[in-house]
Amino acid sequence: MTNSNSSISKHYHQLNSEQRGQIQALLDSGITSCTAIAQEVGCHKSTISREIRRGSVLQRDSSYVLYEHYYADTAQIYHEKRRRNCYKRNPLQHYAVFFRMLSRRFKAKFDATSIDEFVGEFHRIMPNYPCPSTPTVYRYIDQGLLDISNIDLPMKLKRRRNKRHHSHGGHAPHKKNLGNSIEQRPKEVENRKVPLHWEGDLVKGVRRKNQPALMTLTERTTRFEVVIKIPDYRARHPNWFKSITFDNGSEFADMTKIKGCQIYFAHPYSPWERGTNENCNGLLRQFFPKGKSMKDKSAAYVQQATDAINRKHRRILQYHTAEELFKQYVPS
């Protein structure tokens, strides 16, 4: 039994000169419906519509009124010209400027840019050069066509896990609340309309008390990051901070003593309440892997890693960088 719903795809075929002559004859006979002409010629009505539009030329009647008329010979000449100008594009040559810049960027030691962020950045700063889509770049990398590989894309190699947010029957009643709850934050903090409200946390390499850690502070509006290696912490730029929302860990118990800055604490076991800071902490792991001590990391290294994050052209910022947006609020 023949199955009329064949799964074999139908291939598109160009019209030939004979079919173009048939279209002209039908039009000259007074048949103007694309559907009727398509049934006679044996193609889709959209093909007929495009063909008539491409092959029509302006004419004047006896009253010198302009009108359009389809000529098969003219349409065939236009078709042959288009075919001569059509060639199989070499994508590596077509996107040569993009791929050269991409290679230099991802071979750099201090860089936290993703492929999508680089594509968005390229669109902004090089609008006159051809730019492939993000999936196309990943496909070329997987096919081994570029001189960068997946190992150069640490963010791609991270496994994506769907985690459920556990409420612990409310908010962990056995854990002490250190100060003002996140629920007390004003609306200007929640909606990110007003800058200089921050989220903070500690990023640890080795989870031991005698090991150094990083104090990370992320500005909620611009995603600007301040990273300070502990224990060399000292207060800096107090005018930058209107409020800071910390984790509810005991290491932040003394933060309530800070003057001139409102301190809030997220609920216990609720890191998603400081999602902006948690995202930036994940980016820092490219430079400070878990399980490795930070004792040998200098202040210069920390600053270079911080600059790499602040100079990412991020999609959520319309491919601006956190650094350039932050400077609009804090010029110096």
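A residue is called buried when its relative accessible area is under 20%, exposed when that area is over 50%, and partly exposed in between, with a 1.4 Å probe and only protein chains taken into account. The structure is a predicted model, in which local features need a pLDDT of at least 70 and side-chain atom pairs count only at pLDDT 80 or more, whereas totals for chains, interfaces and linings use all residues. Residues are numbered from 1 along each chain as its sequence is written, and side-chain values rest on heavy atoms, with hydrogens and water left out.

The chain contains 13 helices and nine strands, these being DSSP runs numbered from the N terminus (H or I over at least four residues for helices, E over at least two for strands). Of its 332 residues, 41% are buried. The chain exposes about 21100 Å², of which carbon and sulfur atoms supply 49%, with accessible areas obtained by the Shrake-Rupley method with a 1.4 Å probe and, for residues, only the protein chains shown counted as cover. When contacts (heavy atoms within 4.5 Å) between residues at least 6 apart in sequence are considered, 59% join residues at least 24 apart.

Helix 11, which spans residues 275-284, is largely enclosed by the rest of the structure, because seven of its ten residues are buried. The buried residues of helix 11 are Thr276, Asn277, Cys280, Asn281, Gly282, Leu283 and Leu284.

Side chains of opposite charge can pair when their charged atoms come close. With a salt bridge taken as a side-chain nitrogen of Lys or Arg within 4 Å of a carboxyl oxygen of Asp or Glu, the count comes to eleven. One of these salt bridges is formed by the side chains of Arg20 and Glu51, at 2.8 Å from N to O. Since Arg20 belongs to helix 1 (residues 17-28) and Glu51 to helix 3, the pair ties together parts that are 31 residues apart in sequence. Arg20 is buried, with a relative accessible area of 2%, and Glu51 is likewise buried, at 4%.

Helix 7 takes part in a salt bridge through Asp116, whose side chain meets that of Arg315 at 3.1 Å, N to O. Asp116 lies in helix 7 (residues 115-125) and Arg315 in the loop between strand 8 (313-314) and strand 9 (320-321), so this pair ties together parts 199 residues apart in sequence. Asp116 is buried, with a relative accessible area of 16%, whereas Arg315 is exposed, at 54%. The side chains of Glu117 and Lys312 also meet in a salt bridge, at 2.3 Å from N to O. Here Glu117 lies in helix 7 and Lys312 in the loop between helix 12 (299-310) and strand 8, so the parts tied together are 195 residues apart in sequence. Glu117 counts as buried at 10% relative accessibility, and Lys312 is buried at 2%. In addition, Asp201, Arg274 and Glu278 are joined into one network by salt bridges that share partners.

A positive surface patch is formed by Arg50, Arg53, Arg54 and Arg82. Patches are made of residues with over 30% relative accessible area and no salt bridge, like charges being joined within 9 Å and nonpolar side chains (Val, Leu, Ile, Met, Phe, Trp, Tyr) within 5 Å. Lys and Arg count as positive and Asp and Glu as negative, while His and the chain ends are not counted. Helix 3 (residues 45-55) gives the most to the positive patch, with three residues. Arg53 has its place in helix 3 and is exposed, with a relative accessible area of 55%.

Terms used
The place of a charge is taken as NZ of Lys, CZ of Arg, CG of Asp or CD of Glu.
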